[in-house]
Structure formats: C-alpha cells, structure tokens
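Visitor: I'm new to this one and would like to learn how to read it. Could you take me through a few features, one at a time?

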Amino acid sequence: MSKYQNRRFFLQGMGATAGTIAFYGCTHQQGKQPNKIPESALAVEQIIKPETLEKPNLTVGFVPVNDCAPFAIAWEKGFFRKYGLNVTLSREASWANSRDGIIFGRLDASPVVSGAVTNARLGAEGARKFPLCAAMTIHRHGNALTMNRKLWEGGVRPWNTYNGNLDAFGQNLRNYWQKAPLHERVWAVVLSSAIYEYFVRYLVASVGLNPLDELRIIITPPPQMVSNMRIGAMQAYMVAEPWNTRAISGNEGIGFTFAQGREIWRGHPDRLLAVQESFIKENPKTYRSLVKAMIEACQYCSKQENREEVAKIISQRSFTGAKTKYTEPGIVGNFNYGGFDDQPRIKKSLETTLFFDIPPEVSTVENDHSTFLWQSDGFWLMTQAARWGQIPEFPKNAEEIVSQGWQTKLYRDIAEEMGIKCPKEDHKVVSGDAFIDGKSFDSSDPIGYIKSFDIRANSPQIFG
C-alpha cells in the first residue's frame, strides 16, 4: 500500500470521526454527573471513619459503558461511605480521558483498559513512561465485536454458527475483503493498548490475514461507535456493552455481533482500577478502603438476583444514559447476537460479564475470582504489545514491570482482611481451549509464544 493511500485513508478516517467526537466532548461537559448521594447510601454505617484516612475525599472516574456498574453500585449502595470515603464520580468521555485523568492528576483513580498499566510503564508507542498501578480487575468479559450489514451480506456470520471452524470464517472474511475497497476495511477500538485492539489483530491473524495489510484500525470513544458505523466510518468495532446490543436488529438495526470477547479468550481481563504509584505509597489506608468498596460492589453486581437492578441503575443519565433494554443483556446475560435474517440468536449466560464469581467452566483454579489480578495476564498483554511493535521487544525485566504495575500481593492482603481467599500463585497456564485459535499461553516462555505466530510486525498502523 502506498504512502499516499495511507495518508488519504488517515484523513478520511479523521474527517469521518472528528465531528462526532467533538460533539460528544461538548455534550459530555454538559451531561449530568452523579452528584446527589441517595439517602439509603447516607444511612450506611461507616466501619472506617474518614478522619482515619490520609485522603477521604476522592475524585474517581468512570466511562459510560456497562463497566461502570461497580462504580455506580458503590455510589448508590453506600459502599464508598462504608469504608470512610467521600467520592465524587467523574463521567469521562473516553478511555483515553480516563487514563490521562490519572496521569495528569485530575482523577485520584479510574478504570483503564487492561493493557494501559504495563504499556504506560514501558513507554509503549513512544509515549513517556509513567508508573500506573492497579491492585484489582473491575470485571472480566462484557465486550463484543460488532460488524455492519455489508459484512453480513458478504457472508460473515456470528462466530458461534461456525462451530469453531476458523478456516470457514477466514474464507468468508477473505471473500468480502477481496471485493471491498480500502475504506470498507476499517474497524474501530476504544484505545490502543486495549485488549480489544489485541483481540481484533489476534482474530484476523488467526485466519492467516495480516491485520497490518488487510485492515485499518481507528480509535473511537464508545458512545460514538454506533453513529460512526451508521455513517460508514467503520465496518466493525469492538467495545464494551451496551454499544454492541444497541447496534443489532430490533434496536438501531445497523449491525450484528460477530463474537463476544470471551469467545476469543475465555476468562480474559477487561478493566483495571488504576492509580498513580505514588497514590498507593502516600495514601495506603485510603487505597485499601477504595479497593474494599469496589470489591464489595463487584460482589453485589455478581449476584444473579441483583443484575436486573444493576442494569436499571447504570441506565440512569448519570451513568450510561442508555435504555435498560441496551444495558440489560450484557449484565443479566441474555445476549442477542442479532443478524439480518430475523432469526433470534440469544445466548443466556452469566459469563457474559463476570464481576466476581467465576464458574468452573472459565477457571478451575481454587479461589479464583474476577477481581483477582493474574500477573500472567499482564505477560500476555505485553506479548501482544511486542508482537505488534508497540514496544521494540519483550522486556527482559517483565517480571518486575508486571509485579510493580499489577499489584497482586497488595490485593491478596486487602482480600484477606475481607475474609476473601485468593489463588496462591501469581501466574497460571491458559489452556488452548480458552483461545479462539486453540493456542495455549504459558507466561514462563513469552518470547517463544511470540515467535510461534507467523504473523507479527514491528510497526502497526493505528490512527486516532
């Protein structure tokens, strides 16, 4: 592909998305923030007094997707108050805003995409290194890859209809791309370093297509995915719910879900609760209170009997502002893949989003739960950063980087205080049946894992 074509494509992508992103940035500033704590939350007994904490008044970010559920519940149900915290929730326009709010000190804590912590510490893609930290995962699963009508008409169908046959899917995708011009091979993700970006590249490469040659990836804030697909700025996107459900027939009617992220890697981490490393050092009691409040909120969201209520709460304008019929499928687990043949494709499973409890089908490790940080997951994310050229090589001090960024030991200490048992190890081998291509991952040999892929690159093309 010529430099001219790359340049032209970049300008086309920017032109298609800039208007809607700018519009959302303006409306976000005018949007309603959660600012009035419910009376029921104020009535919750404080087991930790604010005056015993180094910094009881916190500003905590969230992004208007289903991921915000634990933050909304901690606010609505008084879990922040229970642990002595006076939290101001800040609705962030994008995952970049959520991350940068921590880096520049506007936010005390905020969820970040799972690759953000290690990539920040590595200075990936030429960025300045920054010591982001996290001691818990917000949830696992809860996202999906949505495709537009043209891909459907080109023969592509939801992954579960292929019965695990990657070759058949690859042939359908190849047939479509052979006829599609460059501007109809655009897929969007929420941020570079998001596991969604790695999933998109991993999926395309797994069928023998080089995502650097055959695909262009753009960055789009979650609430702008649907509108950008409608105007033709992208043909597919990977994002957290409710923005997949919103696109399907019966709702916006512009797309169908090809696969949930859990069908690409079953058990994968999604968001981490991030802070600056200095925050933990300067405010150890405060940070423990924050993690405890969020763990309790995740436990509340995890219970089946609470999920309909959770879906309604996050539908409030203060949180996602989406209709309950959009937020509910990803929370309750009645996920509809959609399609343009009027056939229902509903998959009922609490695995759609894992907030705390993990069924044995996802993990057989004793005392495993979704808020626990597996450092081997951090290794996998770094293998993808190296595979696609975001970092020049897999770091020799990977163990140090992951242990500093993904603070599993601290999580264990906090969980023990709450009476929660955790896995004893920091790393686990992920078997091949967890990945869409059947390839297992062992963090003891990350370089061998990277070299096992025929398709990899030094400098991925990604446009913001």
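Visitor: Let's start with contacts. Which residues does Leu-53 touch, leaving out those up to four places away in sequence?

Guide: Keep in mind that this is a predicted model. Leu-53 touches Ile-48, Tyr-83, Gly-84 and Leu-85, and also Lys-285, Thr-286 and Ser-289. You'll find Leu-53 in the loop between helix 2 (39–42) and strand 1 (57–62).

Visitor: Is Leu-53 buried or exposed?

Guide: To judge that, look at the relative accessible area: under 20% is called buried. Leu-53 has 9%, so it counts as buried.

Visitor: Now the sheet. In what order do the four strands of the open sheet come?

Guide: The order is 3-10-4-13, with antiparallel pairing. Strand 3 (110–113) and strand 13 (353–354) are the edges, each pairing on one side only. Helix 5 (residues 95–103) packs on this sheet, where it touches strand 3, strand 4 and strand 10 (269–276). The direction of helix 5 makes about 120° with that of strand 3.

Visitor: How many bridges join strand 4 to strand 13?

Guide: Two, and the strands run antiparallel. Strand 4 covers residues 132–141. For one bridge partner, take Arg-140: its partner in strand 13 is Leu-354.

Visitor: On to cysteines. How many disulfides does the count come to?

Guide: The test is whether two cysteine sulfur atoms lie within 2.5 Å. By that rule the count is zero. Cys-133 is in no disulfide, and the nearest cysteine sulfur, in Cys-422, is 18 Å away.

Visitor: Why does Cys-301 have no bond to Cys-298?

Guide: Because their sulfurs are 6.3 Å apart, which is too far for a bond, even though Cys-298 holds the closest cysteine sulfur to that of Cys-301. As for accessibility, Cys-301 is buried at 0%, and Cys-133 is buried with a relative accessible area of 0%.

Visitor: Last topic, aromatic rings. How many aromatic pairs does a search of the whole structure find?

Guide: A pair of rings is described by the distance of the centres and the angle of the planes. The search finds 24 pairs. One aromatic cluster is formed by Phe-199, Tyr-202, Trp-265, Trp-380, Phe-435, Phe-441, Tyr-449 and Phe-453.

Visitor: Which ring does the charged end of Arg-387 sit over?

Guide: That of Phe-453, at 3.8 Å from the ring centre. Phe-453 is also one of the cluster members. Elsewhere, Arg-271 lies over the face of Trp-95, 3.8 Å from the centre of that ring.

Technical notes. Residues are numbered from 1 along each chain as its sequence is written. This is a predicted model: local features need pLDDT of at least 70, side-chain atom pairs count only at pLDDT 80 or more; totals for chains, interfaces and linings use all residues. Side-chain values use heavy atoms; hydrogens and water are left out. Two strands pair if DSSP finds at least two bridges between them. Contact means heavy atoms within 4.5 Å. Axes are lines fitted to C-alpha atoms, for helices over the stretch in contact, and angles run from 0 to 180 degrees between N-to-C directions. Buried means under 20% relative accessible area, exposed over 50%, partly exposed in between (1.4 Å probe, protein chains only). Rings of Phe, Tyr and Trp (its six-membered ring) pair if their centres lie within 6.5 Å; planes under 30 degrees apart count as stacked, over 60 as edge-to-face and the rest as tilted. A charge sits over a ring if NZ of Lys or CZ of Arg is within 6 Å of the ring centre and within 35 degrees of the ring normal.
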